[in-house]
Amino acid sequence: EDSKEWVRQNRLTKSGKMLYRKRSQTIERSFADAKQLHGLRYCRFRGREHVQEQALLTAACQNMKKIANHLARLA
């Protein structure tokens, strides 16, 4: 309970609000892209292992895209 209160208080500080805003632009965007662009809205297979495999492959594709975009900006 003390930890929850500490996190709650930290989130309400100026730096906490700034970090929370940044999180919504980076982390949440990644999930939205996975759903919209990479077919993660629906599972193609049944079973925990197959669904996990699909999610991991989607994450790997997103990471490769990020690396390619980063390298393209450097060139």
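# Notebook: helices, contacts and cysteines

**Entry 1. After H2.** I began at the residue that follows the second helix. Gly39 sits just after H2 and takes a positive phi of about 70°. I note here that the model is a predicted one. Next to look up was the loop that follows. Leu40 lies in the loop between H2 and H3.

**Entry 2. Helix H2.** I looked up the extent of H2. It runs over residues 14-37 and has 24 residues. From its first C-alpha to its last it reaches 34 Å, close to the 34 Å expected at 1.5 Å a residue. I then checked H2 for a bend. I found a kink of about 35°, centred on Arg23.

**Entry 3. Two serines in H2.** I picked Ser15 and Ser24. Ser15 is found in helix H2. Its relative accessible area is 42%, so I list Ser15 as partly exposed. I took the separation between Ser15 and Gln62, which are 47 residues apart along the chain. Their C-alpha atoms are separated by 28 Å.

Ser24 is in H2 too. At 40% relative accessibility, Ser24 counts as partly exposed. I also looked from Ser24 to Gly39, the residue of my opening entry. Ser24 and Gly39 are 15 residues apart in sequence, and their C-alpha atoms are 21 Å apart in space.

**Entry 4. Helix H3.** I moved on to H3, residues 48-74. H3 has 27 residues. It reaches 39 Å from first C-alpha to last, close to the 39 Å expected at 1.5 Å a residue.

Which residues of H3 are buried? I found Gln54, Thr58 and Gln62. I asked next what covers these buried residues of H3. The cover includes H2.

**Entry 5. Thr58.** I took one of the buried residues of H3 for a closer look. Thr58 has a relative accessible area of 7%. The cut-off for buried is under 20%, so Thr58 is buried. I left aside its neighbours within four places in sequence and listed its contacts. Thr58 is in contact with Ala34, His38 and Leu40.

**Entry 6. Leu40.** Leu40 turned up among the contacts of Thr58, so I went back to the loop between H2 and H3. Is Leu40 buried, exposed or partly exposed? At 30% relative accessibility, Leu40 counts as partly exposed. I listed its contacts in the same way, leaving aside neighbours within four places in sequence. Leu40 is in contact with Ala34, Lys35, Gln54, Ala55 and Thr58. Ala34 is thus a contact of Leu40, and Ala34 is also a contact of Thr58. I looked at one longer separation as well. Leu40 and Arg73 are 33 residues apart along the chain, with their C-alpha atoms separated by 27 Å.

**Entry 7. Helix H1 and the salt bridge.** How many salt bridges does the structure hold? I counted one. Arg8 forms it with Glu5, and the closest N and O atoms are 2.8 Å apart. Both residues are in helix H1, residues 2-11. Being three residues apart there, Arg8 and Glu5 are separated by about one helical turn. An α-helix has 3.6 residues a turn, so residues three or four places apart point the same way. Arg8 counts as partly exposed at 36% relative accessibility. Glu5 is partly exposed, with a relative accessible area of 36%.

**Entry 8. Arg11.** I stayed in H1, where Arg11 has its place. Arg11 counts as partly exposed at 40% relative accessibility. I did not count residues up to four places away in sequence. Arg11 then touches Gly16, Lys17 and Tyr20. I also took Arg11 with Ser30. They are 19 residues apart in sequence and 22 Å apart in space, C-alpha to C-alpha.

**Entry 9. Cysteines.** I searched for disulfides and found zero. Cys43 is in no disulfide, and the nearest cysteine sulfur, that of Cys61, is 16 Å away. Cys61 is likewise in no disulfide, its nearest cysteine sulfur being that of Cys43, 16 Å away. I looked up their accessibility. Cys43 counts as partly exposed at 48% relative accessibility. Cys61 counts as partly exposed at 37% relative accessibility.

**Entry 10. The record.** I ended with UniProt. Its unreviewed entry lists residues 3-67 for "domain: Transposase DDE". I checked that stretch in the model. Over residues 3-67 the chain is 82% helix and 0% strand. The end C-alpha atoms of that stretch are 36 Å apart.

Key:
Residues are numbered from 1 along each chain as its sequence is written. This is a predicted model: local features need pLDDT of at least 70, side-chain atom pairs count only at pLDDT 80 or more; totals for chains, interfaces and linings use all residues. Side-chain values use heavy atoms; hydrogens and water are left out. Helices (H or I, at least four residues) and strands (E, at least two) are DSSP runs, numbered from the N terminus. The expected span of a helix is 1.5 Å times one less than its number of residues. The bend at a residue is the angle between axes fitted to the seven residues ending there and the seven starting there. A disulfide is a pair of cysteine sulfur atoms within 2.5 Å. Buried means under 20% relative accessible area, exposed over 50%, partly exposed in between (1.4 Å probe, protein chains only). UniProt positions are given in the numbering used here, feature names are shortened, and annotations may be inferred rather than shown by experiment. Contact means heavy atoms within 4.5 Å. A salt bridge is a side-chain nitrogen of Lys or Arg within 4 Å of a carboxyl oxygen of Asp or Glu.
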